[in-house]
Amino acid sequence: MLRTPRGAVLGTALVAALAVGALQAPGQATTHAPVPPAYQNSKLPVRDRVADLLSRMTLAEKVGQMTQAERADVTDHPSEITAKGLGSVLSGGGSTPAANTPEAWADMVDTFQEAALATRLGIPLLYGVDSVHGHGNLLGATVFPHNIGLGATRDAKLVEKVEHITAEETRASGPQWVFAPCVCVARDDRWGRTYESFGETPSLVERMETAIDGFQGTKTKDLARPDRVLATAKHFAGDGLTSYDASMALGGGYPIDQGIDRVSRADFDRLALAPYWPAVRKHHVGSVMPSFSSTDFNGGDTTDAVKMHANHELITDVLKGQMGFDGFVISDWQGIRQIPGATYADKVAAGVNAGIDMFMEPYSGSDTGFVEFTETLTGLVDNGTVSMDRIDDAVSRILTAKFELGLFEHPFTDRRNIDKIGSKAHRKVARQAVAESQVLLRNRQHTLPLSGSKKQPVYVAGGSADSIGKQAGGWTITWQGDPNQVIPGDTILDGIKGAAKGPVTFSANADAPVPANAAGVVVVGETPYAEGPGDYNGPTWAPNGIQKMTLSDSDRAAVEKVCSAAATCTVLVVSGRPIIIPPELLGQIDALVASWLPGSEGTGVADVLFGKKPFTGKLPMTWPRSLDQEPINVGDADYDPLFRYGFGLGT
């Protein structure tokens, strides 16, 4: 901020006006008050403000607006934002300020914003985060079930409420933009991002796109409110339609994530593109992120595969043309670097000319980052490889979002809702979402709900019973998640202890004796993961272990011990997708529940377990009998799952 000799702070608009010479300096003779630039006039239509600002910008300033750096790249030197005129900064998964508190987040974003406002034209910064199940990077935020659980609720109004809370908590801590929701249609459970999908059918995903309204509101003017953020529909398109490549298993790469869609164009339109029509035309999503994946509509010949980040036909002709998308396209993390090309300049040119408007170019251990991107794109315009019309189109889209978000009038964090982050009211909604997401798959002899009798003991076992890190999953504080992560909230064991009237015994490995007539509850599941390392038989370097989509030896042993000794045996599966339950083990289980990744509110699981609320969840994914059936989806000619899509018992 600029201060006068008397210490008064000059407003952002005034600082910007002085920078462009629109206002006269103190002491200069004048007879009329100067007229501020049109782009600073909030009463003018956004299109007029954009046109005026664009007309004042140099090529360097335009390229800067198309550039996004990572927090870690500019934290030590925020002046880089000023020098390059950066349009955006993001926090990747696990990228947080040193003190991971709401106040520290807001202070950090405002520091970066000050640097942006110090540029010649004072164009405010847009800050983006992956709020994919709540503002998961922020310690203390409300952590909701991942999308697969929200899809199980079939409750579109609840999903809108969940994302409205997420928007409020995100914006109150600084960021005004989220890289969510994923409107992917997951067709192979071996994919490590399956839990980011609402379900395996386009119709279910489209039904849950009320998430966009939760983030943005339903009117353009809502974006400027302190409880709304710009949403991102991702990953355009076909991220959930890639084919499993067994040759990539148990190596250093990803067997299915970021792979190739080997499908017909008709199937691609039906399964991959379908959710984007309502996302754009009905919900008016503000930004779209291309997929890392490639398309191959010629029978699987990979030499014909086209990277989505370079797909002009789909990004420009279909998304922006046929669908009428008028927001901006943001690349994924270093996404253009996967585009074939002899040089970095070739990749930048392909991405820009395909229709990408802003580029996520962090260094992240690379020698190439946002600085090299700005230099490269400038050179491509100078030599005619990228037209000025393409640049102006991209920048106009970005500036439109910033005006609609109200950032030119209120660039700094509005902290009026900061005390609501992680509040009881917000966690109550998360608890409701958890309860509605639980899917009862088996209930022999009406085992559930548990009676809650004061006389009946409850015996709890399993590696996921008392692990809030496992039940929150990936994209929680860190990118891949951590089974030992501790966040505010309640584990499933906490919920059971609060709901049971009789004594509760907990033994993770079921080593302690099972009391007579005990109701046994075994909570099993996966270790946390995110994209890539979450693939079935994924990379050997996966931080939380290679994913097998089966029970661990210790979890299976716990099930067998408890089911053989307890009066009744209930198994809760905490996972980001269906996992394989062998028939010989299933035969020992009285009640089986798909609990998904419930987030911070384990009490929601106990609510249905003990009958405080009924089971109403329905499977958003087909549950296979064996891995040999993958991929398996409703409508397959030989469809014979263990539990069909849409199945779910009631109580």
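A residue is termed buried when its relative accessible area is under 20%, exposed when over 50%, and partly exposed in between (1.4 Å probe, protein chains only). The structure is a predicted model, in which local features need pLDDT of at least 70 and side-chain atom pairs count only at pLDDT 80 or more, whereas totals for chains, interfaces and linings use all residues. Residues are numbered from 1 along each chain as its sequence is written, and side-chain values use heavy atoms, with hydrogens and water left out.

Salt bridges were assigned where a side-chain nitrogen of Lys or Arg lies within 4 Å of a carboxyl oxygen of Asp or Glu. This rule yields 31 salt bridges. One of them pairs Glu61 with Arg120, with 2.9 Å between the closest N and O atoms. Glu61 belongs to helix H3 (residues 59-65) and Arg120 to the loop between helix H6 (102-117) and strand S3 (126-129), so that distant parts of the chain, 59 residues apart, are linked; helices (H or I, at least four residues) and strands (E, at least two) are DSSP runs numbered from the N terminus. Glu61 is buried at 18% relative accessibility, while Arg120 is partly exposed at 35%.

A salt bridge also joins Glu601 and Arg427, whose closest N and O atoms are 2.9 Å apart. Because Glu601 lies in the loop between strand S17 (591-594) and helix H22 (603-609) and Arg427 in helix H17 (residues 424-437), the pair ties together parts 174 residues apart in sequence. Glu601 is buried, with a relative accessible area of 3%, and Arg427 is partly exposed at 25%. In addition, salt bridges with shared partners connect Lys320, Asp357, Arg390, Asp393 and Arg397 in one network.
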